[in-house]
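I opened my notebook to go through this model one element at a time. Here is what I looked up, in the order I looked.

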Amino acid sequence: MSVIHHLNDDLLVSYAAGALSEGWSIAVATHLALCPDCRRRAAVADAVGGAMLDDLDAAPSEDRSWQAVRARLTSGSEPEKSHPVASPQTLPQPLRDYVGGDLNGVRWQALGKGASQLRIKTADRATQVRLLRIPAGKPVPEHTHGGRELTLVLTGSFRDGDTIFARGDIEDADASLTHQPIATPEADCICLAVTDAPLRFSSWIVRLVQPILGI
Amino acid sequence: MTALPDGQADKSMTELLLAVGRSQDIDAFETLFRYYAPRIKAYMSRGGGSASAEELMQETMVAVWKKAALYDASKGAASTWIFSIARNLRIDAYRRERRPEFDPNDPAFVPDEAPAADVAMAAFQDAGRVQRALLSLPADQATVLKMSYFEDQSQSAIAAALDLPLGTVKSRMRLAFDKLRTLIGGEPS
């Protein structure tokens, strides 16, 4: 089954430009592994980078630089890295590297009402990245986010309003969208969710009421 | 001179890169170096990081030499491949983040449906065509694209620098890319 819900162009362009931070990039790269259509668009965005490089005003190269690089060249090309991987795998690369293996090794942390999560560590402090496991037929818990949220389905599917999202599909939601994703009844749904990192309030009272106010 | 007539110059860059990959042709590599080294240095000096643009340029060109055998001309022009190496080294040096990328050899990877021959004919490999398409963008869209590609600015940083709502930055990027795709003919529109 092929992907129906694709990456928005602004994400593809920012990713190709190298301007997208690591958290969002994990969702983009994982979607690209599952979606030949978006890979074709990503190739165009890369070609834009190549043309921009061609277009840069450039002084003539210096002999000193050439001599320095020449001295660093060794014969024998870099061997292509190949790590034989047992197939099949549910999580595509690069996600498997971040999780530390495929789904069967995940140590889930309970979120209540049967849902669970795995927090994924990155060097990017502006985003929060996690795997979510939603029991069949149940809604995604504690669902408030202040900014953008990308949700990429890995197994099962969820429904949001009239729209179904299945493996490889990505939902791109911003703060203005009130939505309530619910796992479809046939199976548990596992997704990758990337959000803007939540605002941290110093007062414990504010932290206490934050979930109630939805801020 | 920067504009390439109908991608001819870039076609020869692609030939040179293939020669380096095939037989470690040092003369071909020197020609590539004379063309790309100053451009990569200019690219690196725009990122605003502390690493030396000269050092990052040298690292990029050494990586081009080492990896040239992996270059696949059916996936894009030489400038596209070299740009992606420079970009990844810049992310590494300036942001100290990983750049997550898919792996085409991964068992979970979903391969292209189109045969390789079709991909080889893709118009976006024509670097001259991409350059001409870039020149036709309205100034406000071109500015947003350049800030992303050259200055490593996130969408929110661009919004703050230009004093625009974030949604406007996103929509300019989408409009720009939509127009480029139509002009380049990377896919039917």
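Before I start on the sheets, a working rule: I call two strands paired if DSSP finds at least two bridges between them. I also keep in mind that this is a predicted model.

**Entry 1: E4 of chain A**

With that rule in hand, I went to E4(A) and E9(A), which pair in the antiparallel sense over six bridges. I looked for a residue pair to mark this pairing and found A:Leu152 opposite A:Leu192 in E9(A). E4(A) also has strand E7 (residues 170-173) of chain A as a partner, antiparallel and over four bridges. Here I noted A:Thr151, whose bridge partner in E7(A) is A:Glu171.

Why is strand E4 (residues 149-155) of chain A largely enclosed by the rest of the structure? I checked its residues, and six of the seven are buried, so the strand is largely enclosed. Buried here means under 20% relative accessible area.

**Entry 2: E3 of chain A**

Next I followed E9 (residues 189-196) of chain A to E3(A), and this antiparallel pairing runs over eight bridges. I took A:Val129 as my marker, and its bridge partner in E9(A) is A:Val194.

I then asked which strand E3(A) meets through a hairpin. That is E2(A), and six residues make the join. Strand E2 (residues 115-120) of chain A pairs with E3(A) in the antiparallel sense, over five bridges. Within this pairing I wrote down A:Ser116, with A:Arg133 as its bridge partner in E3(A).

Burial came next: in strand E3 (residues 127-134) of chain A, seven of the eight residues are buried, so this strand too is largely enclosed by the rest of the structure. A reminder to myself for viewing these strands: in a regular strand the side chains alternate between the two faces of the sheet.

**Entry 3: the three-stranded sheet**

I turned to an open sheet in chain A with three strands in the order E6-E5-E8, paired antiparallel. Which strands sit at its edges? They are strand E6 (163-165) and strand E8 (182-183) of chain A, each pairing on one side only.

I then looked at strand E5 (residues 158-160) of chain A, which has two bridges to E8(A) in the antiparallel sense. One residue I marked was A:Phe158, and its bridge partner in E8(A) is A:Ala183.

**Entry 4: H1 of chain A**

I moved to helix H1 (residues 9-17) of chain A and asked how many of its residues are buried. The count is nine of nine, and the helix is mostly covered. Among the buried residues I noted A:Asp9, A:Asp10 and A:Tyr15. Just after H1(A) comes A:Gly18, where I read a positive phi, near 85°.

**Entry 5: the second largest cavity**

I wanted to know where closed-off space remains. Rolling a probe the size of a water molecule over the atoms shows where empty space is left. My count came to two cavities of 30 Å³ or more.

I looked into the second largest cavity, with a volume of about 30 Å³. Which residues line it? From chain A I listed A:Tyr15, A:Gly18, A:Leu20 and A:Ser25, and from chain B, B:Ile91, B:Arg95, B:Glu97, B:Arg98 and B:Arg99. This lining divides into three nonpolar, two polar and four charged residues. I had already met A:Tyr15 as a buried residue of H1(A), and A:Gly18 as the residue that follows this helix.

**Entry 6: a stop in chain B**

In chain B I picked B:Ala176, which lies in helix H9 (residues 166-184) of chain B. Is B:Ala176 buried or exposed? Its relative accessibility is 0%, so I put it down as buried. Setting aside neighbours within four places in sequence, I found B:Ala176 in contact with B:Leu137, B:Gln141 and B:Leu145. I also checked B:Pro138, 38 residues away along the chain, and its C-alpha atom is 8.2 Å from that of B:Ala176.

**Entry 7: the two chains in totals**

For chain A, I counted six helices and nine strands. Of its 215 residues, 51% count as buried. Chain B has nine helices and zero strands, and buried residues make up 50% of its 189 residues.

Note on methods:
Residues are numbered from 1 along each chain as its sequence is written. Chains are lettered from A and ligands numbered from 1 in the order in which they are written. This is a predicted model: local features need pLDDT of at least 70, side-chain atom pairs count only at pLDDT 80 or more; totals for chains, interfaces and linings use all residues. Side-chain values use heavy atoms; hydrogens and water are left out. Buried means under 20% relative accessible area, exposed over 50%, partly exposed in between (1.4 Å probe, protein chains only). On a 1 Å grid over the protein atoms alone, a cavity is a set of points where a 1.4 Å probe fits but cannot get out, and a pocket is an open set with protein on both sides within 12 Å along at least five of seven lines; lining residues have an atom within 4 Å of a point. Grid points are joined across faces, edges and corners, and a volume is the space filled by probe spheres set on the points. Ala, Val, Leu, Ile, Met, Phe, Trp, Tyr, Cys and Pro count as nonpolar, Asp, Glu, Lys and Arg as charged, and the others, Gly among them, as polar. Contact means heavy atoms within 4.5 Å.
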